[in-house]
Amino acid sequence: MFSFTRTLWRSCIAAAAALAFVAGAVEDAAVLTEPAASEVLRTRRGDCSEHARLFVALARAAGIPAREVTGLAWIGDDVRAFGRHSWAEVELDGRWREVDPTGGVLPAHAAHVRTTGRVVPDGVVFELLDTRR
């Protein structure tokens, strides 16, 4: 059961504020390096992984447990395909809840599929992870 306590309410507000900030402040741009969250905050540019990295740093700074997640996300009906994507999870009320800082989506929609990728000589193999908790 999801019960609102004062602490949970503050965490939800802080997570939503961080999500809105990152979605609005970081310009979508291809980045060839893996900049630290402080660099993303300074340049305000990045792809989905930079959005997720900055969100996780801001959430943690607010005392909210957060982690970056990678996997596949539905690109859109016009393309009809999944593409590599990064998003985040925050722990609220004892459960990890997915958020997508790139689009400012809370909760992240069902078209996000967590994977683990491993590099092999002919490319990358994606393995679906069991997300049942």
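In the predicted model, histidine 51 is found in helix α3, which spans residues 48–61. With a relative accessibility of 0%, histidine 51 counts as buried, because the limit for that class is under 20%. Polar atoms of the histidine 51 side chain lie 2.8 Å from the backbone oxygen of aspartate 47 and 3.2 Å from the backbone oxygen of valine 26. When neighbours within four places in sequence are left aside, the residues in contact with histidine 51 are Val22, Val26, Glu27, Asp28, Gly46, Pro101 and Thr102.

Across the whole structure, 6 salt bridges were found. One of them, in helix α3, pairs the side chains of glutamate 50 and arginine 53, with an N to O distance of 3.5 Å. These two residues are 3 positions apart, about one turn of the helix, and both glutamate 50 and arginine 53 are buried.

A salt bridge in helix α2 (residues 37–43) likewise involves residues 3 apart: glutamate 39 and arginine 42, whose closest N and O atoms are separated by 2.7 Å. Here glutamate 39 is partly exposed, at 32% relative accessible area, and arginine 42 is exposed, at 61%.

Glutamate 89 and arginine 114 also form a salt bridge through their side chains, at 2.2 Å from N to O. Glutamate 89 belongs to strand β4 (residues 81–92) and arginine 114 to strand β6 (residues 112–120), so this pair ties together parts that are 25 residues apart in sequence. Both partners are buried, glutamate 89 with a relative accessible area of 0% and arginine 114 with 16%. Elsewhere, Glu34, Glu50 and Arg53 are joined into one network by salt bridges that share partners.

Terms used. Residues numbered from 1 in each chain as written. Predicted model: local features only at pLDDT ≥ 70, side-chain atom pairs only at ≥ 80, totals over all residues. Heavy atoms only, no water. Helix = DSSP H or I, 4+ residues; strand = E, 2+ residues; numbered from the N terminus. Buried < 20%, exposed > 50% of the residue type's maximum accessible area, 1.4 Å probe, protein only. Polar contact = N/O pair within 3.5 Å; in protein donor to acceptor, adjacent residues only side chain to side chain. Contact = heavy atoms within 4.5 Å. Salt bridge = Lys/Arg side-chain N within 4 Å of Asp/Glu carboxyl O.
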